[in-house]
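Work through the exercises below with the structure at hand. Each task is followed by a solution in steps.

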Amino acid sequence: MAQCLAVLGVHEHHWLGYRDGQCAAVPRSRAVGRLCEIIACVRPDTVLTFGPDGITGHPDHRTVSDWTTAAFARAAPDGARLFHATFAERRGPRWAALNERLGIFPPGMPVLTPDRLLAVDVVLDARTADRKVRALAAQRTQTAELMALLGLERFTAWVGDESFVEATDTSRAVDAVRAAAARSAPDGAAGEARTDGNARTATAASACR
């Protein structure tokens, strides 16, 4: 992670010291309190984190999303905005088969947010995408096998978008996903689809000016 941040040019970072895979065991009040202290110090105008789904449904992601959302509500300065990372709906058709083959996402994920609900939607230019890939490559335990499997060009295209929804609109995005699932699901399956949609909320937090 330190090497990743160096590639991105991030010079200020606050390590919380919680172990990978064990965030859910951390007392919520302690974690939220620490994030409140950081927000009060940095006074960010923008906070980026996972949505309630955690992108992949990972318990750490979902837990951090909860912490960050709570800390933002408690400590963010007036006018600050909270964004949840998401996938633009337009990405679904292109990557659905690959995502299914990779098995990274559990059933019903990733959550695809309708384009009209996106607050930020960026297709990275070649230079920025290259920098992002170099940063991800620094996290070898997370990306090395995947990059080798896909090849550099395809991996770059796969991670070449950045989309966020305003936190206040996240419930609207989830509702839209549920409605689409209900329309396409066979009789009796809509309830399961709605449950999957509701389960998607996780967040890794980054406060930035």
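**Exercise 1. Contacts of a strand residue**

The model is predicted. Which residues does Ala88 contact, leaving aside its neighbours within four places in sequence?

Solution. Apart from those neighbours, Ala88 is in contact with Leu112, Thr113, Asp115, Leu118, Asp121 and Ser163. Next, place the residue: Ala88 belongs to strand S2, which covers residues 81-88. Then look at its exposure: the relative accessibility of Ala88 is 0%, and the limit for buried is under 20%, so Ala88 counts as buried. Finally, take a C-alpha distance: Ala88 and Val122 are 9.8 Å apart in space, with their positions 34 residues apart in sequence.

**Exercise 2. The start of the chain**

Describe where Met1 sits and what it touches.

Solution. Begin with the segment: Met1 comes before helix H1 (2-8). Now list its contacts, again without neighbours up to four places away: these are Trp15 and Gln139. A C-alpha distance adds to this, since Met1 and Ala135 are 134 residues apart along the chain, while 8.6 Å separates their C-alpha atoms. Last, the exposure: Met1 has a relative accessible area of 46% and is therefore partly exposed.

**Exercise 3. Nonpolar cores**

Which residues of the largest nonpolar core touch the most other members?

Solution. The core has 17 residues, and those that touch the most other members are Ile55, Phe105, Leu150, Phe155 and Trp158. Turn to the elements behind this core: at least two residues come from each of S2, helix H5 (92-102), helix H7 (140-150) and helix H8 (152-158). Take Leu150 as a single case: beyond four places in sequence, Leu150 touches Leu98, Leu102, Phe155 and Trp158. A further core of 13 residues lies apart from the largest one, and includes Val26, Ile38, Val64 and Ala71.

**Exercise 4. Aromatic pairs**

How many aromatic pairs are there, and what is the geometry of the pair formed by Tyr18 and Trp67?

Solution. The count is three aromatic pairs. A pair of aromatic rings is described by the distance of the centres and the angle of the planes. For Tyr18 and Trp67 the centres are 5.5 Å apart and the planes stand at 70°. Planes over 60 degrees apart count as edge-to-face, and the pair of Tyr18 and Trp67 is edge-to-face. The two residues are 49 residues apart, with Tyr18 in the loop between H1 and helix H2 (28-42) and Trp67 in helix H4 (residues 59-75), and their pair links distant parts of the chain. Trp67 is buried, at 3% relative accessibility.

Another of the pairs joins Phe87 and Phe105: the ring centres are 5.9 Å apart and the planes are at 90°, so this pair too is edge-to-face. Phe87 is in strand S2 and Phe105 is in the loop between H5 and strand S3 (112-113), so the pair ties together parts 18 residues apart in sequence. Phe87 is buried at a relative accessible area of 17%, and Phe105 is buried at 13%.

**Exercise 5. Two packed helices**

At what angle do the axes of H2 and H4 cross, and how should the arrangement be named?

Solution. Two packed helices are described by the angle between their axes and the distance between the axes. The axes of H2 and H4 cross at roughly 50° and come within 8 Å. This angle makes H2 oblique to H4. The crossing of the two helices is right-handed. On the H2 side the contact involves Arg28, Ala31, Val32, Leu35, Cys36 and Ile39. On the H4 side the residues include Asp66, Trp67, Ala71 and Phe72.

**Exercise 6. Backbone details**

Which residues are joined by a cis peptide bond, and what are the phi values of Arg43 and Ile55?

Solution. The cis peptide bond joins Met109 and Pro110, with omega about 0°. Pro110 lies in the loop between H5 and S3. Arg43, which is not a glycine, has a positive phi near 50°. Its place is the loop between H2 and strand S1 (46-50), and Arg43 is partly exposed at 48% relative accessibility. Ile55 also has a positive phi, about 65°, without being a glycine. Ile55 is in helix H3 (residues 54-57) and is buried at 12% relative accessibility.

Terms used:
Residues are numbered from 1 along each chain as its sequence is written. This is a predicted model: local features need pLDDT of at least 70, side-chain atom pairs count only at pLDDT 80 or more; totals for chains, interfaces and linings use all residues. Side-chain values use heavy atoms; hydrogens and water are left out. Helices (H or I, at least four residues) and strands (E, at least two) are DSSP runs, numbered from the N terminus. Buried means under 20% relative accessible area, exposed over 50%, partly exposed in between (1.4 Å probe, protein chains only). Contact means heavy atoms within 4.5 Å. A nonpolar core is a set of buried Ala, Val, Leu, Ile, Met, Phe, Trp, Tyr and Cys residues joined through side-chain atoms within 4.5 Å. Rings of Phe, Tyr and Trp (its six-membered ring) pair if their centres lie within 6.5 Å; planes under 30 degrees apart count as stacked, over 60 as edge-to-face and the rest as tilted. Axes are lines fitted to C-alpha atoms, for helices over the stretch in contact, and angles run from 0 to 180 degrees between N-to-C directions. Angles under 35 degrees count as roughly parallel, over 145 as roughly antiparallel, 65 to 115 as roughly perpendicular and the rest as oblique. A crossing is left-handed if the near helix is turned anticlockwise from the far one by less than a right angle, and right-handed if clockwise.
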